[in-house]
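Trainee: Could we go through this structure together? I would like to start with one helix and work outwards.

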Amino acid sequence: MDIALLKTFIEVARTRHFGKAAEHLCVTQSAVSARVKLLETTLGVDVFNRRRNDIQLTPAGHRLLRYAETIVRSWDRARHELALDDRFERSLAVGCQLDLWPIRVRDWAAGLRVSHPDLALQIELLPADILVQRIAADQLDLVFVFEPPRSPDLEIKQIAAVELILVADRPDLDAAQATAHGYILVDWGTPFMMAHSTRYPDLAPATIRLSQGLLAFDLLRRVGGAAYLPRPVVEDALAAGELFEVTDAEPIERYAYAAFRPGAGNRELVGEALKGLPGGRND
């Protein structure tokens with residue numbers, strides 16, 4: 001099957017619009033229509049219900065989407081590895097959550113580049129659920145996440161404790177004052193939210209809620225307020241007097257994990273790469 005058919009199908013499924021898909025793929029709308037029709041003919045099923053200004057996946061289309069994404073990602077990875085020149089003997093595909101990049105993965109990647117000059121390193125910053133999907137589909141060799149995936153097919157290694165502290169744009173605030181006005185609630189996952197609700201049972205609903213700490217950090221410096229953020233991320237801002245730690249607010253600790261498939265072909269390489277990270281128990 002022509003990989004372009006699947007890429008076109010994925011883009012139409014994403015945009016729900018043949019014209020927009022054509023723009024993103026840099027082809028004509030008639031080419032998009034022809035590709036989708038050829039895909040449906042090849043599979044013997046309709047993948048879209050077509051109504052004016054309302055393109056929806058059929059049940060068969062929904063089933064196809066997961067496989068199409070896996071095939072396209074695997075094909076792109078194969079092309080990337082085959083295109084490597086002779087300087088690189090091995091490759092490692094890594095994924096991590098955005099907030100773990102500055103806390104742990106950035107320095108690890110820099111060290112790995114120095115210690116393994118023959119290694120081609122591919123890194124993707126993605127949400128945790130997509131990272132788990134991609135490592136399960138053999139599209140990634142190693143992922144770094146805050147909450148360990150519950151999968152018997154993955155080996156889990158705790159790599160770091162991450163201290164989350166309450167910081168504010170003004171000095172000399174207590175926790176009640178910091179969370180009363182302009183509080184930005186960052187969803188650091190279930191363990192954090194349970195600890196947070198226990199600590200602040202009467203807290204009014206936050207006017208701003210974000211899923212990424214780095215976004216909250218950026219917003220906090222722009223509009224003010226307070227938020228729980230990783231100490232390594234805010235330490236420069238604290239030292240510069242841009243932000244202030246709320247000292248009566250006890251830190252909340254999170255843990256970071258590495259996940260990989262124990263029987264994968266790159267198992268030995270993953271083991272070498274993880275030597276550059278702090279130790280921890282295997283879960």
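Mentor: Certainly. The buried residues of α9 pack against the strands β6, β7 (184-186), β8 (208-210) and β9 (226-230), and against helix α10 (231-239). Please keep in mind that this is a predicted model.

Trainee: Which residues are buried in helix α9?

Mentor: Helix α9 covers residues 213-223, and Gly213, Ala216, Phe217 and Leu220 are buried there. Viewed down the axis of α9, the buried residues fall within an arc of 105°, so they line one face of the helix.

Trainee: And which residues are exposed on the other side of α9?

Mentor: Those are Arg222 and Val223.

Trainee: What follows α9?

Mentor: Gly224 does, and its phi is positive, near 85°.

Trainee: Let us turn to the interior. Which residues of the largest nonpolar core touch the most other members?

Mentor: That core has 54 residues, and the ones touching the most other members are Trp108, Leu142, Phe144, Leu166, Tyr228 and Leu229. Strand β6, residues 155-168, gives the most to this core, with 8 residues. There is also a second, separate core of 21 residues, which includes Ala13, Ala22, Leu39 and Phe48.

Trainee: What does Leu166 touch, leaving aside residues up to four places away in sequence?

Mentor: Its contacts include Ala175, Ala178, Thr179, Tyr183 and Tyr200. Further along the chain, Leu166 also touches Ala226, Ala227, Tyr228, Phe244, Glu245, Val246 and Ala249.

Trainee: Now a helix pair. At what angle do the axes of α2 and α3 cross?

Mentor: Helix α2 (residues 18-25) and helix α3 (residues 29-43) have axes that cross at roughly 105° and come within 8 Å. The crossing angle therefore makes α2 roughly perpendicular to α3.

Trainee: Which residues meet there?

Mentor: From α2, Phe18, Gly19, Ala21, Ala22 and Leu25 meet Gln29, Val32, Ser33 and Val36 of α3. By class, this contact has 6 nonpolar, 3 polar and no charged residues. Ala22 also belongs to the second core mentioned above.

Trainee: One last residue: where is Ala195 placed?

Mentor: Ala195 lies in helix α8, which spans residues 190-199.

Trainee: Why is Ala195 classed as partly exposed?

Mentor: Because its relative accessible area is 26%, and the partly exposed class lies between the limits of under 20% for buried and over 50% for exposed.

Trainee: How far is the C-alpha atom of Ala195 from that of Ile252?

Mentor: The two C-alpha atoms are separated by 7.4 Å, although Ala195 and Ile252 are 57 residues apart along the chain.

Note on methods: Residues numbered from 1 in each chain as written. Predicted model: local features only at pLDDT ≥ 70, side-chain atom pairs only at ≥ 80, totals over all residues. Heavy atoms only, no water. Helix = DSSP H or I, 4+ residues; strand = E, 2+ residues; numbered from the N terminus. Buried < 20%, exposed > 50% of the residue type's maximum accessible area, 1.4 Å probe, protein only. Axes fitted to C-alpha atoms, helices over the stretch in contact; angles between N-to-C directions. Parallel < 35°, antiparallel > 145°, perpendicular 65-115°, else oblique. Contact = heavy atoms within 4.5 Å. Nonpolar A, V, L, I, M, F, W, Y, C, P; charged D, E, K, R; others polar. Core = buried A, V, L, I, M, F, W, Y, C linked by side-chain atoms within 4.5 Å. Arc of directions from axis to C-beta.
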